[in-house]
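Student: Can we go through the aromatic rings in this one together?
Tutor: Sure, let's have a look.

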Amino acid sequence: MRWQENVLRGWLGVNADGLWAAGTCGLSVPRQNGKTLGVTEARSNYGMLVKNELVLYTSHLQKTSTETFEDMANFFDSRRLRKYVKTIRTALGREAIILKSGAQIKFLARTRNGGRGQHCDLLIFDEAQELTDEQQASFLPTQAASANPQTIYTGTPPDENAPGIVFCRIRDKASAGADGMAWAEWSVDQIGDVTDRQRWYQTNPSLGLLILESSVEKEPTTWPRTSSRANASAGGCPQAARSTTSSTPTHGTGAASRSRPNRIWCAPASNSARTAPPSPTASGPRPGPATSNGWTPEA
């Protein structure tokens, strides 16, 4: 989908040295919008096949890591890609896909010391709304020896059951204009009327594509208020509605109008990189001077 493509363009921008313009990336959208299959997995596939990266995928639950592994294993075990695969390890908790090139991806459920003994170029924190400081501190050193590391945080808007302390801190740094960061989210300034269909589309880029209106319609009455898809994206984080300085544009309900995040902060890419199609318009501050091709993916 177009919105997934736009997020990936922000992540794949490079600077004048050919390194990732955004070494730290974030994506916040409600559940079932397709952030894992269409964005996280796509970035991992690119890293392995094109960049020869070592990838470490982590999640809060083992179930999530196993499901993501199964999706990617099916992709790499296809007739077209099987020739690049050295081995696929299926043991629970030790799932991995290793290519003949040396690129690989491991799938881990996060634990207190889960990062020990691991090494990677691309570190993915899925279900990042559940990520703790202790877990983050365990995994970040895994990139110490990488020449071009990138860390990606993806998750759903935090609620009372998942405070998202680390996730919200990353968002706040990006929105404040910190160097080398990219963040995208679909959100509204205030919770407001959870029965307003316009707000459903503002916070769910795949509504009408992967998600049915009828499914969202049931949620405000069957879910706790803080967990409803219709209101879970107020400002991206619980405190964001009162702390953010960016404005929420008025969006239509068509797919084209929802392909661009209504809040974006992205590190500018190098002018020497290949020019990409027109980029989304940022509604928040950009770190450093903006460039004409600030969303340029690496060639």
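Tutor: First, a term we'll need: a residue counts as buried when its relative accessible area is under 20%. Also keep in mind that this model is predicted.

Student: Okay, is Phe69 buried or exposed?
Tutor: The cut-off for buried is under 20%. Phe69 has a relative accessible area of 6%, so the label for Phe69 is buried.

Student: How many aromatic pairs does a search of the whole structure find?
Tutor: Rings pair up if their centres lie within 6.5 Å. Searching the whole structure that way gives a total of 7.

Student: What kind of pair do Phe69 and Phe107 make?
Tutor: Their ring centres are 5.4 Å apart, and the planes meet at 70°. Planes over 60 degrees apart get their own label, so this pair is edge-to-face.

Student: How many residues apart in sequence are the parts this pair ties together?
Tutor: Phe69 sits in helix H3, residues 62-76. Phe107 belongs to strand S5, residues 104-109, so the gap in sequence is 38 residues.

Student: Which residue forms one aromatic cluster with Phe69 and Phe107?
Tutor: Phe107 is buried too, with a relative accessible area of 0%. The residue that joins Phe69 and Phe107 in the cluster is Tyr57.

Student: Where does Phe139, the partner of Phe125, lie?
Tutor: Phe125 and Phe139 form an edge-to-face pair, 6.2 Å centre to centre with 90° between the planes. Both are buried. Phe125 is in strand S6, while Phe139, 14 residues away, is in helix H4.

Student: And which ring does the charged end of Lys51 sit over?
Tutor: A lysine's NZ has to be within 6 Å of the ring centre. The charged end of Lys51 is 5.3 Å from the centre of its ring, and that ring belongs to Trp20.

How values were computed. Residues are numbered from 1 along each chain as its sequence is written. This is a predicted model: local features need pLDDT of at least 70, side-chain atom pairs count only at pLDDT 80 or more; totals for chains, interfaces and linings use all residues. Side-chain values use heavy atoms; hydrogens and water are left out. Rings of Phe, Tyr and Trp (its six-membered ring) pair if their centres lie within 6.5 Å; planes under 30 degrees apart count as stacked, over 60 as edge-to-face and the rest as tilted. Helices (H or I, at least four residues) and strands (E, at least two) are DSSP runs, numbered from the N terminus. Buried means under 20% relative accessible area, exposed over 50%, partly exposed in between (1.4 Å probe, protein chains only). A charge sits over a ring if NZ of Lys or CZ of Arg is within 6 Å of the ring centre and within 35 degrees of the ring normal.
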